[in-house]
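This briefing goes through one protein chain, starting from a helix and moving on to the sheet and the loops. Please keep the sequence and the structure in view while reading.

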Amino acid sequence: MHKRNWSKIALAGALSLALAACSDGADDAAAPPAGLAEDGAPALPAVPVMGPERKIIAFGDSLFAGYGLDPRDAYPEKLESALRAKGINADVINAGVSGDTTAAGLNRIGFTLASQKDAPPALFILELGGNDLLRGLSPEETKANLGKMLAVLRDAKVPVLLMGMRSPPNYGPEFQAKFDAIYSDLAQEYGAALIPFWLEDIYREPALFQADKVHPTAQGIERLVAATIGDVESALPPVGEQAE
């Protein structure tokens with residue numbers, strides 16, 4: 001679902017600055033990522049899907065919700081297809097809500113976990129923080145909210161893959177340093193797997209973003225899936241193993 005509110009407009013401004021600041025220019029064109037066909041579908045032959053179902057919750061904001069895309073092109077859906085093409089019996093649940101801050105995520109994480117009545121998920125992918133930037137929330141507040149979510153997940157014995165973001169330099173060097181350290185500090189504290197900046201593979205390529213210069217295109221999502229699927233596989237515990 002997509003909540004169309006002022007945060008969309010602000011997100012476009014704040015995060016486009018972040019992406020522009022990180023970019024030092026790059027080619028617009030790119031070949032299809034390894035393992036993906038020209039249309040973004042997994043390249044054949046695919047490995048037969050085997051083993052018990054691995055439920056993964058992709059919990060985040062508009063970058064997971066698939067803002068501006070066909071729902072089938074959102075990151076969680078494409079990730080599921082890519083994992084299944086590698087023989088992993090994945091069921092990736094899209095729990096992305098456009099406009100969510102870390103505070104909003106903290107408010108709904110308990111409900112999200114409680115809705116998994118049969119068994120806890122095999123992996124929880126946590127992607128939040130961009131909307132905190134646009135609202136000018138302090139890094140301390142963002143870190144506290146993410147830390148509380150990670151504590152909930154640790155207590156529930158759910159493995160976590162934390163998707164990091166970066167601050168634009170226009171907030172000043174002190175703010176930038178504090179914000180950019182949030183994800184690595186928390187990953188170490190709570191034993192979570194980490195992707196330091198999950199847009200790393202595409203942020204230098206404007207052609208892989210929609211007109212708002214913030215949200216990836218369908219091709220951009222394909223690139224992100226190809227760049228991060230190894231991290232997702234590594235974060236998935238062996239079948240039957242729970243987090244300590």
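What covers the buried residues of α8? The cover includes β1 (50-60), α3 (75-85), β3 (123-127), β4 (160-163) and β5 (193-195), where a residue is called buried under 20% relative accessible area, exposed over 50% and partly exposed in between, with a 1.4 Å probe and protein chains only.

This is a predicted model, in which local features need pLDDT of at least 70 and side-chain atom pairs count only at pLDDT 80 or more, whereas totals for chains, interfaces and linings use all residues. Residues are numbered from 1 along each chain as its sequence is written, and side-chain values use heavy atoms, with hydrogens and water left out.

**Overall composition**

- The protein chain has eight helices and five strands, these being DSSP runs numbered from the N terminus, with helices (H or I) of at least four residues and strands (E) of at least two.
- Read from the N terminus, the order of elements is α-β-α-α-β-α-β-α-α-β-α-β-α.
- The protein chain holds 244 residues, of which 50% count as buried, and it exposes about 11,100 Å², with carbon and sulfur atoms supplying 54% of that area, as computed by the Shrake-Rupley method with a 1.4 Å probe, only the protein chains shown counting as cover for residues.
- Among contacts with a separation of 6 or more, 80% come from residues 24 or more positions apart, a contact being heavy atoms within 4.5 Å.

**The sheet**

- Five strands form an open sheet in the order β2-β1-β3-β4-β5, with parallel pairing, and two strands are taken to pair if DSSP finds at least two bridges between them.
- The edge strands of this sheet are β2 and β5, each of which pairs on one side only.
- Neighbouring strands are turned by 20° against each other on average, with direction ignored; axes here are lines fitted to C-alpha atoms, for helices over the stretch in contact, and angles run from 0 to 180 degrees between N-to-C directions.
- Helix α7 (residues 173-190) packs on the sheet and touches β4 and β5, its direction making about 170° with that of β4.
- Eight bridges pair β1 with strand β2 (residues 88-96) in the parallel sense; R54 has A90 of β2 as its bridge partner, and F59 stands opposite A95 in the same strand, β2.
- β1 and β3 also run parallel and are joined by five bridges, with I125 in β3 as the bridge partner of A58.

**I56 in strand β1**

- I56 belongs to strand β1 and is buried, with a relative accessible area of 0%.
- Apart from neighbours within four places in sequence, I56 is in contact with L83, D91, V92, I93, L123, I125, V232 and L236.
- I56 and L236 are 180 residues apart in sequence, while their C-alpha atoms are 8.9 Å apart in space.

**Helices α8 and α7**

- Helix α8 (residues 218-235) has 18 residues, which at 1.5 Å a residue should span 26 Å, and its end C-alpha atoms are 24 Å apart, which agrees; the expected span is 1.5 Å times one less than the number of residues.
- A kink of about 45° in α8 is centred on T228, the bend at a residue being the angle between axes fitted to the seven residues ending there and the seven starting there.
- The buried residues of α8 include G220, I221, L224, V225, T228, I229 and V232, and also the charged-type names E222 and R223.
- For the 18 residues of α7, the expected span is 26 Å, and the end C-alpha atoms are 26 Å apart, in agreement, while α7 bends by about 35° at I182.
- F175, F179, I182, Y183, L186 and A187 are the buried residues of α7, and their cover includes α5 (130-134), α6, β4 and β5.

**Backbone angles in the loops**

- Most residues other than glycine have a negative phi.
- K157, in the loop between α6 (139-155) and β4, has a positive phi of about 60° although it is not a glycine, and K157 is partly exposed, with a relative accessible area of 41%.
- K213, in the loop between β5 and α8, has a positive phi near 65° and is exposed, with a relative accessible area of 57%.
- G191, just after α7, takes a positive phi of about 70°.
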